[in-house]
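Let's take a walk through a protein together, one feature at a time. Keep the picture open beside the text, and find each residue as it comes up.

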Amino acid sequence: MQIQTPDWVKHAVFYQIFPDRFARSKQPHKRLLRDARWEAWEAMPTLQGYKGGDLWGIIEQLDYIQGLGINAIYFTPIFQSASNHRYHTHDYYQVDPLLGGNEAFRELLDAAHERKIKVVLDGVFNHASRGLFFFHDILENGPHSPWVDWFKITDWPLAPYTGDLPANYEGWAGNRALPVFNHDNPEVREYIMEIGEYWLKFGIDGWRLDVPFEIKTPGFWEEFRDRIKAINPEAYIVGEVWGDSREWLDGTQFDGVMNYLFTAPTVAFTAGDRVVLEQVQTRDYQPYPPLFAAEYAVKIQELLQLYPWEIQLTQLNLLASHDTARLITIAGDDQASVELSTLLLLTFPGAPSIYYGDEVGLPGAIDPDSRRGFPLEAHWNQEILKTHRQLIALRHKYPALRTGAYQVLFAQGELYIFTRILETEELIIAVNAGTALATANIDPASLHTQPHALLYGVAEFEWDSTQLSLTLPPRSGCILG
């Protein structure tokens with residue numbers, strides 16, 4: 001079969017926003033709670049505390065987002081929930097009133113689209129919250145509830161809040177707060193499909209699916225894709241799958257996944273032994289031990305051969321997220337690690353995703369610290385911000401950086417060089433992750449065109465009929481064109 005993926009994603013640069021932590025509206029009359037006891041914005045975040053970020057505040061910051069060169073936003077959940085991260089969904093049809101409700105989301109969606117910024121929402125469809133009406137009815141009425149078959153109940157009575165008794169129902173990862181849906185029930189299946197359709201009709205541009213690998217019901221994601229694409233063939237469907245995702249990336253289910261198979265080796269190569277081990281002990285994501293350039297090249301080539309090219313171009317590539325520590329903290333506060341990995345991110349096939357605040361050097365250890373409030377401008381790292389703006393602008397300027405072929409030219413020691421080629425356009429990208437000056441001599445026969453200009457970074461290069469000589473300072477990268 002011919003695989004079809006959304007064309008706009010191939011040209012997108014995503015910005016991931018955790019809504020409670022990005023911006024509070026400067027117009028307090030728009031907020032439902034005007035005098036709430038929010039956590040101090042710049043204080044260390046806690047597991048249960050709210051900082052009061054809302055969608056009105058994000059609207060007020062759209063100029064900043066657009067100025068970065070961002071043309072797509074991925075929101076972590078925005079639906080009504082009794083948690084700051086909102087993965088405990090109470091109502092799939094209501095945007096959380098603390099965020100401004102459906103009215104604020106309508107205004108945000110329209111304002112984003114006016115700026116040609118796409119909007120992707122987080123769909124938590126494997127499990128819900130104890131506060132979801134259907135589950136609450138079961139808590140009130142026990143086996144008499146008409147919703148009993150919507151969840152995986154094993155015995156009575158249910159114990160949703162105390163660990164002294166067995167829960168007697170399945171919660172995601174054993175968490176009583178997150179009852180798992182019974183997806184084999186056709187009514188549950190239809191309920192979730194209709195949620196997906198509703199928000200597509202509302203105007204969103206796609207879904208990021210939380211732990212979709214947990215749903216084992218045959219044909220579930222195939223039907224989801226069919227129904228979503230029937231409304232908007234260009235809607236983006238991206239799954240949170242941390243490892244080998246061939247099972248879901250055959251063209252019948254997802255357009256891409258959160259590409260941690262890119263993240264881990266990229267951080268291992270650029271940060272090396274600077275990686276703080278206690279900040280990476282999560283799931284399959286292990287950017288350690290350090291990789292030399294040749295080892296990194298092998299990892300990247302294996303990744304690029306794992307999925308069809310049409311899928312590669314719509315992968316969601318990232319360096320950090322709400323589920324990991326911040327990149328600069330993982331790298332032991334080493335700025336060069338951030339800049340080098342960002343260079344590799346913005347020049348890799350697929351859609352790069354920047355976790356809010358990473359572009360200004362926001363630190364943060366593993367959850368909840370990785371979910372800090374977006375910092376005041378006085379605390380921005382301007383050099384890291386400049387790096388992001390330059391690289392995003394270059395990605396938008398040169399189609400080869402978005403959809404061009406990827407070919408490794410040189411990978412020895414800690415020097416890694418590759419090219420992106422699209423028709424007559426060719427760009428050479430080089431990264432020296434080492435602490436010493438590095439030089440490579442490249443056979444011109446492996447290139448399609450002669451590089452004429454240094455588009456980014458600091459480097460010296462010479463071209464003659466026999467070779468391209470390229471020299472990079474320690475811990476630096478460049479783009480030639």
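The tour goes from strands to a helix, and then to the empty spaces in the protein. Keep in mind as you look that this is a predicted model.

Let's begin with strands. Strands of a sheet pair through backbone hydrogen bonds, and they can do so in a parallel or an antiparallel way. Find strand S2, which covers residues 72-75. Strand S1, residues 14-17, pairs with S2 in the parallel sense, and four bridges link the two. To see this pairing, look for Phe14, which stands opposite Ala72 in S2. S2 is also joined to strand S5 (residues 118-123) by three bridges, and these two strands run parallel. Here Tyr74 is the residue to look for, as it stands opposite Val120 in S5.

Are the two faces of S2 covered or not? Ala72 and Tyr74 lie on one side, Ile73 and Phe75 on the other, and all four of these residues are buried, so both faces are covered.

Now move further along the chain to an open sheet of three strands. Its order is S14-S17-S16, and the pairing is antiparallel. Which strands stand at the edges? They are S14 (438-442) and S16 (460-463); each has a single partner strand, so one side of each is left without a neighbour in the sheet. Neighbouring strands here are turned against each other by 10° on average, direction ignored. S16 and S17 (residues 468-472) are joined by four bridges. One pair to look for is Trp463 and its bridge partner in S17, Leu468.

Next comes a helix. H11 takes in residues 335-346, which makes 12 residues. From its first C-alpha to its last, H11 reaches 17 Å, close to the 16 Å expected at 1.5 Å a residue. How many residues of H11 are buried? The count is 10 of 12, and H11 is mostly covered. Among the buried ones are Val338, Thr342 and Leu345.

Those three residues lead us to the cavities. There are two cavities of 30 Å³ or more. The largest cavity holds about 80 Å³ of space, and its lining includes Val338, Thr342 and Leu345, along with residues such as Tyr355 and His388. Which elements give two or more residues to this lining? They are H11 and strand S10 (351-355). Sorted by class, the lining of the largest cavity has seven nonpolar, three polar and one charged residues.

The second largest cavity has about 30 Å³ of space. Arg326, Leu327, Ile328, Val338, Asp358, Gly361 and Leu362 line it. Leu327, Val338 and Asp358 are also among the residues that line the largest cavity. By class, the lining of the second largest cavity has four nonpolar, one polar and two charged residues.

Our last stop is the largest pocket, with about 710 Å³ of space. A total of 29 residues line this pocket. Which of them lie nearest its centre? They are His85, His88, Asn175, Asp367 and Arg371. Taken by class, the lining of the largest pocket has 10 nonpolar, 12 polar and seven charged residues.

Conventions
Residues numbered from 1 in each chain as written. Predicted model: local features only at pLDDT ≥ 70, side-chain atom pairs only at ≥ 80, totals over all residues. Heavy atoms only, no water. 1 Å grid on protein atoms, 1.4 Å probe; cavity = no way out; pocket = protein on both sides within 12 Å on 5 of 7 lines; lining within 4 Å. Points joined across faces, edges and corners; volume = space filled by probe spheres on them. Nonpolar A, V, L, I, M, F, W, Y, C, P; charged D, E, K, R; others polar. Expected span 1.5 Å × (residues − 1). Buried < 20%, exposed > 50% of the residue type's maximum accessible area, 1.4 Å probe, protein only. Pairing = 2+ DSSP bridges. Axes fitted to C-alpha atoms, helices over the stretch in contact; angles between N-to-C directions.
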